[in-house]
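These are my notebook entries on a structure that I looked up. I set down each point in the order in which I examined it.

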Amino acid sequence: MNRTITMNLGGIIFHIEEDAYDRLNKYLSTIKGYFKESEGCDEIMHDIEARIAEMLQGKVSNIKQAVLLADVEAVTAVMGKPEDFAGESGGSEQQNKSSNSANSDGSSNAQSGRRRRVFRDTDEKIVGGVCSGIANYFDLDPIWLRGAFAISLFVFGTGFLLYVILWIIIPEAKTTAEKLEMRGEKVDINNIGKAVNEEFEGFKKRMNDFSNDVKSPQNKERMRSTMQKIVAFIGEVLRSFIKFLGKGVAFFLTFIGIALMIGLLATIFGRGTISVFDSPGASIHFSLYELSSAILPDSVPISLVVIGIILLFGVPLISMIYRGVKFLFNIKQKNRIVKYTANVLWLFGLALVVYIGIQIGTDFSEEASVRQNMNIIQPKGNTLYVDLKPSSEDDLEITYNHHHKIRLGDWTMISKDENKFRLGYPVMNIVPSTTDNFELVAVKSAQGVDRKEAEYRAKKIDYSINQVDSTIQFSSYFDIDNADKLRGQDVKLVLKVPVNKVIFLSKRMEKIIFDIDNVNDALDSDMVNRKWVMTTQGLECIDCDGLENVRKHKIN
Amino acid sequence: MNIENTKAQMKKGVLEFCILSVLSTGDHYPSEIIGKMKDAKLLVVEGTLYPLLMRLKNDGLLSYRWEESVSGPPRKYYKLTPLGKQFLKELELSWNELVDAVNKTTQK
């Protein structure tokens, strides 16, 4: 004994056993599944059900009133397997169905020979359907195009203009034929009907599914993964942008590295002057070669200096260039040997430079000074006139402007010729004389590795004066031999003035006087172009009337 | 590939033609059409017919009318439309050509 279900099939009431019902239900559902996509699905189902009902009617009678499983099996055998006849419905419907379920927006697989044109898909549009339309043409998911456009909006809004242009020139897919062409599906009666049906069914379904789908976890997953995809996409774009920037920086650095390298080599090997500085406080217009020969002790050949500097500065520069080029062209090879060698070379260069520095340094360890009395003829009157040598040839400032000159504050050095260096300025002080005569002492000092050498160098400093009647002309410079090297040579002049005698400082003297003690507390700049008398307390101004900063002092 | 599959494909190709031919002799309902084809030894499952008939009707080649049946649900009686008749004539020509061509190709 079995339970039966009362069933209505094709308008006829049947009593059907449970298992038979399940079988029949499954059968019909399967068939329906195959025809879901095609037009007239309901009608087909109706026909089939009617036919089945007709056949089942023949299987029941007054004696056998219920439909059994065997009956259902017999009937379905006659009808055929669903997959067999489902393929009949208008040209590979089955294939269409499976391909449709794979593509989310109903675009068909690329069927060869189908006509494709770009339309705007206004049914699936966000703004103007441009991205949907183009995506349809290429069988892409429109989200990538939308993302690209959105990002390009940030790049000076190029995307906006492009989008508008596309919006204007790409036509809208209005007729069904156009809509099919947009997706690459063949335009024929079947597809058109299918498309129309799709629209309608789709709309109904959307309304129904919307409320369900929004809450379904599956959709949330889909949305999340889409968000992840977007984020990943943006990340990719940013990463490539940064890489691009990085390449730009690398190129820039490489360029600078090469430029500096060239400069370094030119500096070392060029004999011409390189102007490094030119400011009020300091200026350097000198060739490295001359400078080195001036400073380096004879024991250190200049080639060592060259090598040392090249290694010390060149190795980092070259490695910078090397790394820049590698980065620019994505070369990945790491050459251990190269790195190792570079490091070793650099250390060697450093050692060399340090060694040379020490060698130079020791040459400056001792200082010595030598006092030399310089002959001056006493003036006929009371007043001694003091001036700088007038010849412009002797003026350090003018003649040697921008040529072979180094100036650091008050200290100036000029390469006069093959044999001599000219240094300036000597410094003068004025003190009372212990005798009745004007006296001049030159204090020459220099440095060396020991006292003897320092003294020798000091003595070799060449300083001269010129006297014309009551005027003494001082040189604004002193000369040293190349061979003696630059070793802190210095000249200090002490002019001794007897009490009650007068001295007149010319304007030019401002260059070499330095903080001369005077009773009026006048500054150097105020002392020049004036007469000063030596008193027991010090120099006193004779013609300082009208000077503001000068203290008036009564002449005793 | 399955030989059964190929055979089925072959049959599918000519099915429309056969249906139209059967209907050219008069109006019939689906199981009658199946019966006539079975008589001619063209074996097709019934299920195949329904969607096909639907399509032919949608294409305007067939039309149907309902007839009450003594035993059972009402039946659809299909008949050829003038367009269907024209279609059939063309298919006949095409079929003959095809038969010739295939025969020639498969002759050894």
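Before reading the strands, I noted the rule that two strands pair if DSSP finds at least two bridges between them. I also noted that this is a predicted model.

**Entry 1: a hairpin in chain A**

I began with strand 1 (residues 4-9) and strand 2 (residues 12-17) of chain A, which are joined by 6 bridges and run antiparallel. I then looked up one residue of the ladder, A:Asn8, and found its bridge partner in strand 2 of chain A to be A:Ile13. The two strands form a hairpin, with 2 residues between them. In the turn I recorded a positive phi of about 60° for A:Gly10.

**Entry 2: chain A as a whole**

I next looked up the totals for the chain. Chain A has 17 helices and 19 strands. It holds 556 residues, of which 24% count as buried. Among the contacts in chain A with a separation of 6 or more, 66% are between residues 24 or more positions apart.

**Entry 3: helix 1 against helix 2 in chain A**

How do helix 1 and helix 2 of chain A lie relative to each other? I found that the axes of helix 1 (residues 18-35) and helix 2 (residues 41-57) of chain A come within 10 Å and cross at roughly 150°. Helix 1 of chain A is therefore roughly antiparallel to helix 2 of chain A, because angles over 145 degrees are counted in that way. The crossing of these two helices is right-handed.

I then listed the residues that make the contact. Helix 1 of chain A gives A:Leu28, A:Ile31, A:Lys32 and A:Phe35. Helix 2 of chain A gives A:Cys41, A:Ile44, A:Met45, A:Ile48 and A:Glu49. Sorted by class, the contact has 7 nonpolar and 2 charged residues, with no polar ones.

**Entry 4: one residue of helix 1**

I chose A:Arg23, which has its place in helix 1 of chain A. Is A:Arg23 buried, exposed or partly exposed? I found 18 other C-beta atoms within 10 Å of A:Arg23, so this residue is partly exposed. A count of 20 or more would have made a residue buried, and 12 or fewer would have made it exposed.

Leaving aside residues up to four places away in sequence, A:Arg23 touches A:Leu69 and A:Val72. I also looked up A:Thr76, which is 53 residues from A:Arg23 in sequence, while the two C-alpha atoms are 9.6 Å apart in space.

**Entry 5: a four-stranded sheet in chain A**

I turned to an open sheet of 4 strands in chain A, with the order 6-12-16-11 and mixed pairing. Which strands form its edges? They are strand 6 (366-374) and strand 11 (427-432) of chain A, each of which pairs on one side only. From one strand to the next, the twist averages 20°.

Within this sheet, strand 6 of chain A runs antiparallel to strand 12 (residues 439-448) of chain A, and 9 bridges join them. I noted that A:Arg371 stands opposite A:Val443 in strand 12 of chain A. Helix 16 (residues 451-459) of chain A packs on the sheet and touches strand 6 and strand 12. The direction of helix 16 makes about 35° with that of strand 6 of chain A.

**Entry 6: chain B**

I then looked up the second chain. Chain B has 4 helices and 2 strands, and along the sequence they follow the pattern α-α-α-β-β-α. Of its 108 residues, 27% count as buried. Residues 24 or more positions apart account for 44% of the contacts in chain B with a separation of 6 or more.

In chain B, I examined helix 1 (residues 3-24) and helix 4 (residues 82-106), whose axes come within 10 Å and cross at roughly 125°. The two helices are therefore oblique to each other, and their crossing is left-handed. On the side of helix 1 of chain B I listed B:Phe17, B:Leu20, B:Ser21 and B:Ser24. They meet B:Gly84, B:Phe87, B:Leu88, B:Leu91 and B:Trp95 in helix 4 of chain B. By class, this contact has 6 nonpolar and 3 polar residues, and no charged ones.

**Entry 7: where the chains meet**

Last, I looked up the contact between the chains, which takes 25 residues from chain A and 18 residues from chain B. On the side of chain B, the elements that give two or more residues are helix 2 (30-39) and helix 3 (46-58). Helix 3 of chain B provides the largest share, 9 residues. By class, I recorded 7 nonpolar, 6 polar and 5 charged residues on the side of chain B that touches chain A.

Definitions and conventions: Residues are numbered from 1 along each chain as its sequence is written. Chains are lettered from A and ligands numbered from 1 in the order in which they are written. This is a predicted model: local features need pLDDT of at least 70, side-chain atom pairs count only at pLDDT 80 or more; totals for chains, interfaces and linings use all residues. Two residues are in contact if their C-beta atoms, placed from the backbone, lie within 7 Å. Ala, Val, Leu, Ile, Met, Phe, Trp, Tyr, Cys and Pro count as nonpolar, Asp, Glu, Lys and Arg as charged, and the others, Gly among them, as polar. Axes are lines fitted to C-alpha atoms, for helices over the stretch in contact, and angles run from 0 to 180 degrees between N-to-C directions. Angles under 35 degrees count as roughly parallel, over 145 as roughly antiparallel, 65 to 115 as roughly perpendicular and the rest as oblique. A crossing is left-handed if the near helix is turned anticlockwise from the far one by less than a right angle, and right-handed if clockwise.
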